[in-house]
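The following exercises introduce a structure through worked solutions. Please read each task, attempt it with the structure in view, and then follow the steps.

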Amino acid sequence: MIKDLVIGMAGSGGDGIVSAGESLISACTAVGYHAMMTKSFGSQIRGGESSCRVRLATSPVLNPGGALHVAIALNWEDFLKFGAELPVDGDTVMIYDSKTGVAPNELPLVGITPAEVFSVPIGEMARNATGSERGKNTIVLGLLAGWFGIGGEAIINGIRKKFAKKGAELIQANEQAFALGVQYAEANPLKKSRRMEPPTRTGQKMLTDGNDMCAAAAIFAGCDFFGGYPITPSTEVMQFFTREVWKYGGAVMQAEDEIAGIGAALGASFGGKKAMTASSGPGVSLKTEIMGLASVAELPLVIVNVQRGGPSTGVPTKAEQSDLFQAVFSAHGDVVRPVLAPTGVSDTFDTTVEAFNIAEYYQTPVVVLSDQEIAQRKEVIDLIDTSRFTIIDRLRPTAADLEPYSRFRFTPNGISPISHPGMKGGNYLGSGIEHNEHGDPTASGRIHEQMNEKRIRKFDRLRKRDDLFRIEGDPDAPLALIAWGSIAGTCREALQLATAEGLRVKLLVPYLLFPINEGIYRRFFKTIKAGLVVEQSYLGQFYHVLRMALDVPAGVKPFCRSGSNPFHPSEIVRKLHDHALNLQQNGAAARQPQE
Amino acid sequence: MDTTAISSASTFASKDFKSDLKPIWCPGCGDFGVLQAIYRALAAVGRPPHEIAFISGIGCSSRIPGYTTAYGFNSVHGRALPIAQGLKLARPELLVLVAGGDGDGFSIGGGHVAHAIRRNDDLTYIVMDNKTYGLTKGQLSPTSPKGSRSVTSAYGSLENPVNPLMYVLAYGASFVAQGTPADIPGLSAMIEEAIRFPGFAFVNVQSPCVTYGEEGQQIKAHKAVMKKLETVGHDATSRIQALDKAQTYGQELLTGVFFRDPNPPPTLGALVKQRHEALMPKAAPRERILDSFVQH
């Protein structure tokens, strides 16, 4: 019996690959497995190649997994386009449609011999059952149920639900297709049985993705306004708002461009309402001027960047973590802007609530750096208990503050009570131009210096918040992993693997990326001889941001590469191990002063 | 609150809307007259200053919110309209004014005007059209006449100017007027009417730049050449007639209301209110926002 199964499938756009993945994950949810599904497409609207990975397990799933245990190619051309996203190795069960004409001993997988290979007449079976090739995805579900023992009854229930509106005939045809798949698998058993252990999970679960959790968290946190513009892979955030926010008296503005989207959100915040915009790299580039305005006007605002491959249009449908520099530095003038990052679907909710709390408390724009993978992957997660959250609202002026009111009054912590239009006695001029405490425009060097000092000092408390970091593993370990965003999920599994292999490792996951909490890194680094800062980017941006703020031990190095080349937990362990060994063998290097 | 419902029996005077800030404008700038007209219009409308939000972009004229006692937001170049629309959607009860120059409205922010018009929220947009970039010292602007010489058009402009009146009329604005500080009573009356008008209302003010503007564009010249639309036989309920008259922009100075939709369409705010009334009673509390994701 196995506890963890990583399935990858690919086909052309009309093959219903993603739909099969959705049926599978929803069946897994119904029977009680933990599961995660990621989708990947070519950039075509219809047609072209599409793929998905489903990972199911009896314990929580931390990332989409490494090499596939089961690979399904409806045609080879499309399958091979996904390269490192659907890696096959010597442990993979490879299944493909015999229609492709490829002989099982001549697979187009250079240098790789899968554990088992099945050439299955998937298309033909679909035609026999449903009269068309459109049933291929249901055949695949039958094969998976037959060979790996996953969710047979639940998949049939899912089929009934899915086709309920399309009539009994279609339901029957798909049930027939499913049965054909199961029969095929039973007639052609695996050489080595790989049946999934029955699920052990308990408690209520949710099936959702990062973008929906982001939008839901925003509304839960009291957000009443969304302004934005469609862009992959963030659009689902706006879509959720357009369905839900009206119910709470709020509004959405799908703007004419990215600038108008954030402008409208800032206008709503000026009006005293919690507001948000969401985009991806190119859109955030357009928004940066108004992000700067929000910093100087000291207006709360949450900006979500669902990262994709950059620069420019880049790789819009794939995850990357290369917008950190943009999030931290894309302002002219001296600006500190908090940047947060979730690491998975569930904590996207927590991180977004936190982003609103920080935005409101500090009267500042806050960037949430999500990415395509966590934003768009479907995941079975534990129920989120909304009662555990505290919601923070901006500091409003008291009656005494209004006599007379100084919007930007210097206070001990740098945070000044904020009024909004409609509040009698709170009238002030908000502006991007430098202003005095009262809000009047000024070019005074003295006041400019004082205001910069106020706007930066107000984050002193944020820099000391250790609760925005997780440290996992052996606290005295000499080896370190540091990872943020979706890659942190991969590193969590790498930590488990490494610990099981006897390596002494600890992992630091920052949810607050900026401003840097120097204390927590200094304490973390005390025991560290060697380590990796893992990031899905070419430059290793977080490593560089860390080094700007503090002394990183010489043995800690970036381990990074561009998006579309996912990291696998085992290779992170290998890299950490080799890196540490190399340092040990080459002791002199470890003693060298830092570059 | 619908601004049209406000009674005209105002308890406010112009001085109640005048702030302590001293304008940075050059002596003789047309914007002084626009400011006076706005004070008068606001006094006539009678909303208290704290219920008014005045949003602007960047430029000489965009300094204007600071010279009033209303809430103001002197934002960034060209983005006053998006900010104002977000504010109005979030706080429909406010009276929201938007102001800026011709560069702000028809160059860097030109893309926003059409969308503000089609959304049709209840905003009043006042453009102080001086045909130059005054704050940056006299560059060519989107409304500078063809052939204009400036520091960025040493041999004369080769480009046709934007016609703000035709622009907003063509996109379907329901209220379009043009005034000049050469006639402050007329200007304040049309601003007052624009504020009271339900929906997006546009007032183009030919507001001369005393420093970089040409002789023929100064207040004295305006007084000599301006013609009130009511004196030239104009039906302001006809968009076609309004477009016809608007073609004279740049050659003649016609003032008054070009177009006033006799049957104004519902404002965005009114439509949002209807949607709220339909959806809000059925809403679960925010704490239950995750219910739909729970698997049973």
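**Exercise 1. The interface**

Task: In this predicted model, determine how many residues of chain A are in contact with chain B, and which elements of chain A take part.

Solution.
Step 1. The contact involves 54 residues of chain A and 44 residues of chain B.
Step 2. Several elements of chain A give two or more residues to the side that touches chain B. The helices are helix 1 (17–31), helix 7 (210–220), helix 9 (258–270) and helix 10 (281–297). The strands are strand 7 (205–208), strand 8 (223–228), strand 9 (251–254) and strand 15 (429–431).
Step 3. Helix 9 of chain A gives the most to this side, with 9 residues.
Step 4. Sorted by class, the side of chain A that touches chain B holds 29 nonpolar, 16 polar and 9 charged residues.
Step 5. One pairing of strands crosses from chain to chain: strand 15 of chain A and strand 2 (residues 71–74) of chain B are parallel and share 3 bridges. Within this pairing, A:Leu429 has B:Gly72 as its bridge partner.

**Exercise 2. Confidence**

Task: State the scores of the model, and find where pLDDT stays under 50 in chain B.

Solution.
Step 1. The model scores are ipTM 0.96 and pTM 0.95.
Step 2. Chain B has a mean pLDDT of 95, with 97% of its residues at 70 or more.
Step 3. Over residues 1–7 of chain B, however, pLDDT stays under 50. For this stretch the model has 12 contacts beyond four places in sequence.
Step 4. Where pLDDT is low, predicted coordinates should not be read in detail.

**Exercise 3. A covered strand in chain B**

Task: Establish how many residues of strand 3 of chain B are buried, and which strands pair with strand 3.

Solution.
Step 1. Strand 3 of chain B spans residues 95–101, and 7 of its 7 residues are buried.
Step 2. Consider each face in turn. On one side lie B:Leu95, B:Leu97, B:Ala99 and B:Gly101, and on the other B:Val96, B:Val98 and B:Gly100; both faces are covered.
Step 3. Strand 1 (residues 52–56) of chain B pairs with strand 3 of chain B in the parallel sense over 5 bridges. Here B:Ile52 has B:Leu95 as its bridge partner.
Step 4. Strand 4 (residues 123–129) of chain B also runs parallel to strand 3 of chain B, joined by 6 bridges. In this pairing, B:Val96 stands opposite B:Leu123.

**Exercise 4. A covered strand in chain A**

Task: Describe strand 2 of chain A: are its residues mostly buried or exposed, and in which sense does the strand pair with strand 3 and with strand 14 of chain A?

Solution.
Step 1. Strand 2 of chain A covers residues 34–41, and 8 of its 8 residues are buried.
Step 2. A:His34, A:Met36, A:Thr38 and A:Ser40 point one way, while A:Ala35, A:Met37, A:Lys39 and A:Phe41 point the other way. The buried residues thus include A:Lys39.
Step 3. Strand 3 (residues 49–57) of chain A runs antiparallel to strand 2 of chain A, with 8 bridges between them. A:Met36 stands opposite A:Arg55 there.
Step 4. Strand 14 (residues 378–382) of chain A pairs with strand 2 of chain A in the antiparallel sense over 2 bridges. A:Met37 stands opposite A:Lys378 in that pairing.

**Exercise 5. The overall form of each chain**

Task: Into which domains is chain A divided, and why does chain A count as being as compact as a globular protein of its length? Examine chain B in the manner used for chain A.

Solution.
Step 1. Chain A comprises domain 1 (4–187), domain 2 (207–388), domain 3 (395–460) and domain 4 (469–591). The centres of domain 3 and domain 4 of chain A are 41 Å apart, taken over C-alpha atoms.
Step 2. Chain A contains 19 helices and 21 strands. Its radius of gyration is 26 Å, close to the 25 Å that the globule rule gives for 595 residues, so chain A is as compact as a globular protein of that length.
Step 3. Of the 595 residues of chain A, 55% are buried. The C-alpha atoms of chain A fill a box of roughly 85 × 65 × 40 Å along the principal axes.
Step 4. Chain B has 9 helices and 11 strands. A compact globule of 296 residues would have a radius of gyration near 19 Å, and the 20 Å of chain B agrees with this.
Step 5. Buried residues make up 52% of chain B, and its C-alpha atoms fill a box of roughly 75 × 45 × 45 Å along the principal axes.

Note on methods. Residues are numbered from 1 along each chain as its sequence is written. Chains are lettered from A and ligands numbered from 1 in the order in which they are written. This is a predicted model: local features need pLDDT of at least 70, side-chain atom pairs count only at pLDDT 80 or more; totals for chains, interfaces and linings use all residues. pLDDT is the predictor's confidence in each residue, from 0 to 100. Two residues are in contact if their C-beta atoms, placed from the backbone, lie within 7 Å. Helices (H or I, at least four residues) and strands (E, at least two) are DSSP runs, numbered from the N terminus. Ala, Val, Leu, Ile, Met, Phe, Trp, Tyr, Cys and Pro count as nonpolar, Asp, Glu, Lys and Arg as charged, and the others, Gly among them, as polar. Two strands pair if DSSP finds at least two bridges between them. Domain bounds come from an automatic or database domain assignment. A residue is buried if 20 or more other C-beta atoms lie within 10 Å of its own, exposed if 12 or fewer, and partly exposed in between; C-beta atoms are placed from the backbone. The radius of gyration is taken over C-alpha atoms; the globule rule is 2.2 Å times the number of residues to the power 0.38.
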